[in-house]
2 protein chains.
Amino acid sequence: MEIPVYENLLKANDVIAGQLRSLFRQHRLSVINLLGSPGSGKTTLLEVTINRLRREYRVGVVEGDLATTRDAQRIAAVGAPVVQVNTRGGCHLDALMVQQALPQLPLDALDLIFIDNVGNLVCTSGFDLGESAKVVVLSVTEGDDKPAKYPPIFVQAQAVVISKIDLLPYVRFSVAAARSEIERVHPGIPVFELSAESGAGLEAWLHWVRGQHGAA
Amino acid sequence: MEIPVYENLLKANDVIAGQLRSLFRQHRLSVINLLGSPGSGKTTLLEVTINRLRREYRVGVVEGDLATTRDAQRIAAVGAPVVQVNTRGGCHLDALMVQQALPQLPLDALDLIFIDNVGNLVCTSGFDLGESAKVVVLSVTEGDDKPAKYPPIFVQAQAVVISKIDLLPYVRFSVAAARSEIERVHPGIPVFELSAESGAGLEAWLHWVRGQHGAA
């Protein structure tokens, strides 16, 4: 007898993701799931995004990490409601973790939720969290070959952020090559080049985030 | 009835890893399994290491990636025998993949094998590949908080390379803080600070690699 374990796991996740999607709709919440390698700059992008949008939107955050509450502390420091999920070794958030964490956030007092997923360019892409959109954050320090070498996450995403462009003078990274690889893997996907440190390129990203809220 | 799937998976991997370990011993091969985030600099470190050791050791490489043969092409370009494993979405190499790939390498004509694992700071640590040592490569662009946030891989490793130190002037990364976190997670583990680009710090790393071969 064959035991279809992995298939069942995904189905269970999809059922809970569907419940999350209903919950988010009911509370008129847009939810953006940030994916990317460890250190790609997801949390720094979040800090800046929350600061820049604070007069327009009430933003909450679900932080995912194997261990520690460090990222949640960083988000709390910029004044946003936040809940930390510790996966205890798990390589991605799943819908059940998000469902169990959400009661810690004041859903009726929020417009936007960001999910700051575990740093992982592979495993995070396969799990629906009921989000409105998945965004891959790829830093220029990681190399322009990553979209070709890690295609599934770029296929699953609805947008790509090329981060840390302030470091372009110091690394071998061709934005044109990266854009061309991303376009080949996922034709038409929007790509934003920015630096959360310098502020360069943030406006186009924030405009896209506003559009996500409008679309929800 | 409970189906202990994950446990069995690890056991199967361990059986094959044991076969690999015997094979490596039989061929007097030392095997170093390089782990780290996408873009942490594993392949660049390998290129430089192969170049610097080529008069002392015959080095072969097993490249692991979800897709493409790009990294294998980079290794072939520096003149080392190499075999590319494509995991087709899988987030780590396992012992069976390595076992199936090894007949493509001239084992009797090698002293050292490097395994350039899939870029992943989580999943790669749990799978024994019969290696002599696991090494985590952590680039300074990833942030000094990563050992605390991703502890299991630092617990599993026998050495840590802090890479891309030529970029220290441009990023917020405290080598002292990173070393302190690593020491807390894995007391006594050797840590090498280096830049494969500038060559800084390479000698201590190469000395450790030589010691690995002596120990095998």
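**Entry 1: polar contacts between the chains**

I looked up polar contacts across the interface of chain B and chain A, and the rule finds 14 residue pairs, both partners at pLDDT 80 or more. I'm noting right away that this is a predicted model. Next I asked which elements of chain B give two or more residues to the side that touches chain A. They are α3 (70-77), α5 (146-149), α6 (151-156) and α7 (175-185) of chain B. Sorting that side of chain B by class, I get 16 nonpolar, 13 charged and 8 polar residues.

**Entry 2: how much gets buried**

I checked contacts too: 37 residues of chain B touch 37 residues of chain A. Together the two chains bury about 2900 Å², and 58% of that is on carbon and sulfur atoms. Which three residues supply more of chain B's share than any other three? I found P38(B), R70(B) and K149(B), which supply 20% of the area that chain B buries against chain A.

**Entry 3: salt bridges**

A reminder to myself: side chains of opposite charge can pair when their charged atoms come close. Across the interface of chain B and chain A I got 8 salt bridges. One that I looked up joins the side chains of R70(B) and E181(A), at 2.7 Å from N to O. So R70(B) turns up twice in my notes, because it pairs with E181(A) within the 4 Å cut-off and is also one of the three residues named for buried area.

Then I searched the whole structure, and over all chains there are 30 salt bridges. I picked out R52(A) with E203(A), where the closest N and O atoms are 2.5 Å apart. Where do these two sit along the chain? R52(A) is in helix α2 (residues 42-53) of chain A and E203(A) is in helix α8 (residues 202-215) of chain A. They are 151 residues apart, so I wrote this down as a link between distant parts of the chain.

**Entry 4: the second largest pocket**

I looked up the second largest pocket and got a volume of about 680 Å³. Its lining has 38 residues, and R172(A), G41(B), T44(B), R74(B) and K164(B) lie nearest the centre. The elements that give two or more residues to this lining are α5 (146-149) of chain A, plus α2 (42-53), β2 (59-65), α3 and β6 (159-163) of chain B. Which element gives the largest share? That's α2(B), with 4 residues. By class, I have 16 charged, 11 polar and 11 nonpolar residues in the lining.

**Entry 5: the cavity**

Last, I asked how many cavities of 30 Å³ or more the rule counts. The count is 1, and the largest cavity has a volume of about 50 Å³. It is lined by 15 residues, and T141(A), E142(A), P38(B), T141(B) and E142(B) are the closest to its centre. I sorted this lining into 9 polar, 4 charged and 2 nonpolar residues. P38(B) was already in my notes from the buried area.

Definitions and conventions. Residues numbered from 1 in each chain as written. Chains lettered and ligands numbered in written order. Predicted model: local features only at pLDDT ≥ 70, side-chain atom pairs only at ≥ 80, totals over all residues. Heavy atoms only, no water. Contact = heavy atoms within 4.5 Å. Buried area = accessible area lost by both parts, 1.4 Å probe. Polar contact = N/O pair within 3.5 Å; in protein donor to acceptor, adjacent residues only side chain to side chain. Nonpolar A, V, L, I, M, F, W, Y, C, P; charged D, E, K, R; others polar. 1 Å grid on protein atoms, 1.4 Å probe; cavity = no way out; pocket = protein on both sides within 12 Å on 5 of 7 lines; lining within 4 Å. Points joined across faces, edges and corners; volume = space filled by probe spheres on them.
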